[in-house]
Amino acid sequence: MRQLFYAVHRYEIIPCHLVAPKDRDGRGKYAANSKRDKRRFQTAYADRREAEKLVIEYETKMQNM
């Protein structure tokens with residue numbers, strides 16, 4: 001079983017996995033864990049709490065604009 005990572009996109013926390021080096025392209029080394037979601041990410045976090053913290057920071061920033 002693959003290790004689960006968490007990428008952050010605006011208000012969203014996306015469960016993802018590390019892409020094997022031979023399958024990587026310029027889109028990022030973490031891929032969303034869904035066949036329909038083709039997004040890839042450069043940064044992902046092993047701890048969900050860290051990803052949640054980033055979402056909260058983003059929400060706060062957007063509310064203060």
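1. Before we look at the strands, one term: two strands pair if DSSP finds at least two bridges between them. Keep in mind, too, that this is a predicted model.

2. Let's start with the hairpin. Strand β1 covers residues 5–9 and strand β2 covers residues 12–18, and the two pair in the antiparallel sense over 5 bridges. If you want a spot to check this by eye, find V8, which stands opposite I13 in β2. There are 2 residues between the strands of this hairpin, and R10 takes a positive phi near 55° there.

3. Now the charged side chains. Side chains of opposite charge can pair when their charged atoms come close. How many salt bridges does the structure hold? The count is 6. Some of these join up: E12, D37 and R39 are linked in a network of salt bridges.

4. D25 is a good residue to click on, as it has two partners to look at. One is R27: the closest N and O atoms of this salt bridge are 3.1 Å apart. The other is R40, whose side chain meets that of D25 in a salt bridge at 3.4 Å, N to O. What does the pair of D25 and R40 tie together? D25 lies in the loop between β2 and β3 (30–32), while R40 belongs to strand β4 (residues 40–41), so the salt bridge ties together parts that are 15 residues apart in sequence.

5. Are these residues buried or exposed? For D25, the relative accessible area is 38%, so we call it partly exposed. R27 has 41% relative accessibility and therefore also counts as partly exposed. The cut-offs behind the label are these: buried means under 20%, exposed means over 50%, and partly exposed is in between.

6. Next, move to helix α1, which spans residues 48–63. Here R48 forms a salt bridge with E52, and their closest N and O atoms are 3.2 Å apart. How are the two placed along the helix? They are 4 residues apart in α1, which means that about one helical turn separates them. R48 counts as partly exposed because its relative accessibility is 37%, and E52 gets that label at 32%.

7. Last, have a look at K22, which lies in the loop between β2 and β3. Its relative accessibility is 74%, so K22 counts as exposed. Try finding K22 and R48 together on the screen: they are 26 residues apart along the chain, and 27 Å separates their C-alpha atoms.

Key:
Residues are numbered from 1 along each chain as its sequence is written. This is a predicted model: local features need pLDDT of at least 70, side-chain atom pairs count only at pLDDT 80 or more; totals for chains, interfaces and linings use all residues. Side-chain values use heavy atoms; hydrogens and water are left out. A salt bridge is a side-chain nitrogen of Lys or Arg within 4 Å of a carboxyl oxygen of Asp or Glu. Buried means under 20% relative accessible area, exposed over 50%, partly exposed in between (1.4 Å probe, protein chains only).
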